[in-house]
Amino acid sequence: MALAALLAAGCGAVTVPDRPDPYAFEEQQTGIVFHWPADRLPVRYWVDPAAGPVAGYIARGLEAWEEQFLYGEFRAVPVTDSSEADVVVRVVGATPADVPLTNDPPIFACGGVTRYDAPDAANRFPRPPVVELSWDSGYSEVDVANCLFRVAVHEVGHSLGILAHSPDEFDLMNANPRVAAPSVRDRATAEALYHTVPTVLPPERPR
Amino acid sequence: MITPSPGAGVSLPLSTRRRSGLPLLGVVTLLGAGAVAASPASAQVGVQVGLVVSSNLVSDSIVDRFSVRANPALALGVTGETRLDRYRVGAALTVSRSDLIGREPQGEFTVTRLTIWHPSVYLRQPLRPWLSGEARLGLMIYSPSVRAGTLFRDGTPVHPAVGLGLRVERRLGQALALGFAGHYDLHRFSTPRLRAEGFTGQTYVHRVSALFSLRRIPVGERATP
């Protein structure tokens, strides 16, 4: 009886938290909605060995994005065989220097893009998305490293399916990311995306 | 190809138009072991196998409302009990394992594989020669296979649980009894991550299990039908 009372004590109705409104996650010109389906998890990321420290940035980015979810909607693992990759990551040009990251103000010393091919007749992307990072040799090594880290985490957001940019400059998914971690609006957007029916399927899984 | 920003972006072809309760666990274990050890002459052990179904662990709303609950699970258990006056006291450990599933209008998703350990102590009273009722106190120990990116990220919960049950038994010869037990138990559920995310209150989780049991009849009781 005492335990029953304990069970009852302080047990009010469960309330669901208010979440921020998500920004648009669909590709703005085509309206494509994409995310990795549950039967494709964990998503397999291959990073070109020539990318040097970027492999570590991608790994940290994957961890940061995974942690945004409450119900295991997105999981990813690095793979060493490019033929097994669901997502390919490359650096354009020379291997960047592997220097410690700092909290210096953001310098836009690099760029990035995540490329998806047009869906095929079956409404499926024909090839794995490719993340390409580039950097400018006119900046210091630490500015380049900080920038590549921010942009790598940003591009992971695109590769998991956020195909648009946030209008808020304090969101990681802003077109020019100033922060290196997903914000609460980035989180709300990723969550909303993974609870929305996609319009396009991922490529067939490589054998 | 388009590159929406000079800094970072995503490109799609323009042509595309398609759319802690571990100390408590120790207490439970010691109580059970003590109960069995107290009277070896009447102590008996048994095994159980069956099915357990559970109500929702979480209800949430992201785009649409959805619920998260464990799939019906195979349950395995061991029991040990001894006679105490006209009652029997015992300890049980049941483990069940199944997928934790989210169900929303557009489909289902798997959160993680979930193992639930349920150690308990119980008091059982014979109601008929073939029927007994029991009351149970125990713990629900959640052990997910994946914690990162789930509601278990910041810790796995251990919750006290109460339960009631009925058991019918039929002897198989002198030394064994085959039984069927129906149990109901109740506990509250939340996790540190859910609380950190702003969920308030806790969910009452109801579980119903149906278990076949096989137990050894103590030597002292074998002559008495």
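**Entry 1: a proline in a loop of chain A**

I began with P42(A), which sits in the loop between α1 (2–8) and β1 (43–47) of chain A. I looked at the peptide bond that joins L41(A) to P42(A) and found it cis, with omega at about -5 degrees. I noted the background: most peptide bonds are trans. The model I am reading is a predicted one.

**Entry 2: chain A as a whole**

I next went through the elements of chain A. The chain has four helices and five strands. Read from the N terminus, their order is α-β-α-β-β-β-β-α-α. I looked up the extent of the chain as well: its C-alpha atoms fill a box of roughly 70 × 45 × 35 Å along the principal axes.

How much of chain A is buried? Of its 207 residues, 44% are buried.

I then turned to contacts in chain A between residues at least 6 apart in sequence. Of these, 76% join residues at least 24 apart.

**Entry 3: helix α3 of chain A**

I took helix α3(A), residues 141–159, by itself. It has 19 residues and reaches 26 Å from first C-alpha to last. The span expected at 1.5 Å a residue is 27 Å, and the helix comes close to that.

I asked how many residues of α3(A) are buried. The count is 17 of 19, and I wrote the helix down as mostly covered. Past the helix I found G161(A), which follows α3(A) and has a positive phi, near 130 degrees.

**Entry 4: α2 against α3 in chain A**

I looked up how helix α2(A), residues 54–66, packs on α3(A). The angle is about 50 degrees and the axes are 8 Å apart. An angle between 35 and 65 degrees falls in the oblique class, and the two helices are therefore oblique to each other. I recorded their crossing as right-handed.

Which residues of α2(A) meet α3(A)? On the α2(A) side I listed V54(A), Y57(A), I58(A), G61(A), L62(A), A64(A) and W65(A). On the α3(A) side I listed L148(A), F149(A), A152(A), V153(A), V156(A) and G157(A). Sorted by class, this contact has 11 nonpolar residues, two polar ones and no charged ones.

**Entry 5: V156(A)**

I picked V156(A) from helix α3 of chain A for a closer look. Is it buried or exposed? V156(A) counts as buried because it has 31 C-beta neighbours inside 10 Å, and the cut-off for buried is 20 or more.

Leaving out residues up to four places away in sequence, I found that V156(A) touches I58(A), G61(A), L62(A) and W65(A). These four are also on my list of α2(A) residues that meet α3(A). I also took a distance to F108(A), which is 48 residues from V156(A) in sequence; the two C-alpha atoms are 18 Å apart.

**Entry 6: two residues with positive phi**

I noted first that most residues other than glycine have a negative phi. I then looked at N123(A), which is not glycine and has a positive phi near 60 degrees. N123(A) is placed in the loop between β4 (110–115) and β5 (130–135) of chain A. It counts as partly exposed, because it has 13 C-beta neighbours inside 10 Å.

In chain B I looked at D85(B), where phi is also positive and near 60 degrees. D85(B) is in the loop between β5 (73–84) and β6 (87–104) of chain B. What is its exposure? D85(B) is exposed, because 6 other C-beta atoms lie within 10 Å and the exposed class takes 12 or fewer.

**Entry 7: chain B and G182(B)**

I counted the elements of chain B: two helices and 11 strands. From the N terminus they run β-α-β-β-β-β-β-β-β-β-β-α-β. Chain B has 225 residues, and 37% of them count as buried.

Where is G182(B)? I found it in strand β10 of chain B, residues 176–189. G182(B) counts as partly exposed because there are 14 C-beta neighbours inside 10 Å. Setting aside neighbours within four places in sequence, I listed its contacts as G165(B), L166(B) and A210(B). I also looked up P119(B), which is 63 residues from G182(B) along the chain; their C-alpha atoms are separated by 17 Å.

Technical notes:
Residues numbered from 1 in each chain as written. Chains lettered and ligands numbered in written order. Predicted model: local features only at pLDDT ≥ 70, side-chain atom pairs only at ≥ 80, totals over all residues. Axes fitted to C-alpha atoms, helices over the stretch in contact; angles between N-to-C directions. Parallel < 35°, antiparallel > 145°, perpendicular 65-115°, else oblique. Left-handed = near helix turned anticlockwise from the far one by under 90°. Contact = placed C-beta atoms within 7 Å. Nonpolar A, V, L, I, M, F, W, Y, C, P; charged D, E, K, R; others polar. Expected span 1.5 Å × (residues − 1).
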